[in-house]
Amino acid sequence: MQDTFFIEKNPDILLRTHTSSVQVRVMEKEKPPIRTISPGRVFRNEAISARSHCIFHQVEGLYIDENVSFADLKQTLLYFAKEMFGENTEIRLRPSFFPFTEPSAEVDITCTCKGKGCNLCKNTGWLEILGCGMIDPNVLELSGIDSKKYTGFAFGMGVERIAMLKFGIKDIRLLFENDVRFLKQFE
Amino acid sequence: MIEKIEKYIVEVSNLVANTKEEAENLRIKYIGRNGILNDLFDEFKTVPNEQKRSVGQAINTLKNNIQEKIDELISSTKKLNLEIKIDVTLPGDSLKLGSRHPVNIIKNRIVRYFHILVFLFLKVQKLKTTGMFFRH
């Protein structure tokens, strides 16, 4: 068991560490096709630094239907990246591991320096923005969904990370300080 | 001399001023460099020693009364001016609303982009039991 912010013992109540729990609930309650987006604040017992905070926000997406393929996932994410970061944005998927998806991938977008190399992308030309994958058939079965008939994908991203990239914010802590001089800049 | 001072005390209590300029003129008339009060102080030097005490007290009362009255007049004319300046038929100053938090701006945008793809918006409680997180 990982350490996190527990509120009560027996039954153990805690502040959620990710929004994936929402998806478990949806899959248990609803019948496919399912298409949801669930934003939320999450809490982790982490050291606070310029790059990470113990409070942050996630947005998770879930799509379950017949004939959902990895190609659909790629197209959805490409659409999102172009809408958020501009028409010329490209995406790159790197194989990765997440407990609830198989296969899983991490998604990078092209950096605004266009591959020239800058501090932001640490000279790689790519910026990681989200994690995603095809939902593990076991997860579907556990939630009472026929994994032979239905497939689906899920993705999740950190809102702060995208806000920092988008607005050029160097320190995540600025987002939680409630400094009016900072907040005024986003009118 | 005491009678003269008492006459001034009565006069001062009946002073009126409708504008700031009028109040200012009264101030100059009474407490200005060549004002009535200074004249009285000059005259005071000629008062015989036995009378100095009572005349001095009277002058001080007059001085305080004048100062109070003039202050009162100046502040009341200021109020008057302010009231005139407000045109109640003008539209009011709107209250400035705050701005959205950058995190919310981005969150709303993300939700909007996926809403176009008919992803439905879901909101769920922040407290969970461990079963929902560490189930294998």
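This passage looks at the cysteines and the aromatic rings of a predicted model.

Cysteines come first. Across all chains, the count of disulfides is 0. Two cysteines of chain A are tucked away all the same: A:Cys111 has a relative accessibility of 3%, so it counts as buried, and A:Cys132, at 2%, counts as buried too.

The aromatic rings offer rather more to talk about. A search of the whole structure turns up 7 aromatic pairs over all chains. In one of them, the ring centres of A:Phe167 and A:Phe186 sit 4.9 Å apart; the planes meet at 65 degrees, which is over 60, so this pair is edge-to-face. The two partners come from distant parts of the chain, 19 residues apart: A:Phe167 belongs to helix α4 (residues 159–167) of chain A, while A:Phe186 lies in the segment after α5 (180–183). Their surroundings can be compared with the cut-off of 20% for buried residues. A:Phe167 has a relative accessible area of 29% and is therefore partly exposed, whereas A:Phe186, at 12%, counts as buried.

A:Phe186 also pairs with A:Phe182: here the centres are 5.2 Å apart and the planes are at 65 degrees, so this pair is edge-to-face as well. A:Phe182 is itself buried, because its relative accessible area is just 9%.

Elsewhere, one aromatic cluster brings in residues from chains A and B: A:Tyr63, A:Phe80, A:Phe153 and A:Phe155 join B:Tyr113 and B:Phe114. Chain B also has a charge over a ring, with B:Lys52 lying over the face of B:Phe44 at 5.8 Å from the ring centre.

Technical notes:
Residues are numbered from 1 along each chain as its sequence is written. Chains are lettered from A and ligands numbered from 1 in the order in which they are written. This is a predicted model: local features need pLDDT of at least 70, side-chain atom pairs count only at pLDDT 80 or more; totals for chains, interfaces and linings use all residues. Side-chain values use heavy atoms; hydrogens and water are left out. A disulfide is a pair of cysteine sulfur atoms within 2.5 Å. Buried means under 20% relative accessible area, exposed over 50%, partly exposed in between (1.4 Å probe, protein chains only). Rings of Phe, Tyr and Trp (its six-membered ring) pair if their centres lie within 6.5 Å; planes under 30 degrees apart count as stacked, over 60 as edge-to-face and the rest as tilted. Helices (H or I, at least four residues) and strands (E, at least two) are DSSP runs, numbered from the N terminus. A charge sits over a ring if NZ of Lys or CZ of Arg is within 6 Å of the ring centre and within 35 degrees of the ring normal.
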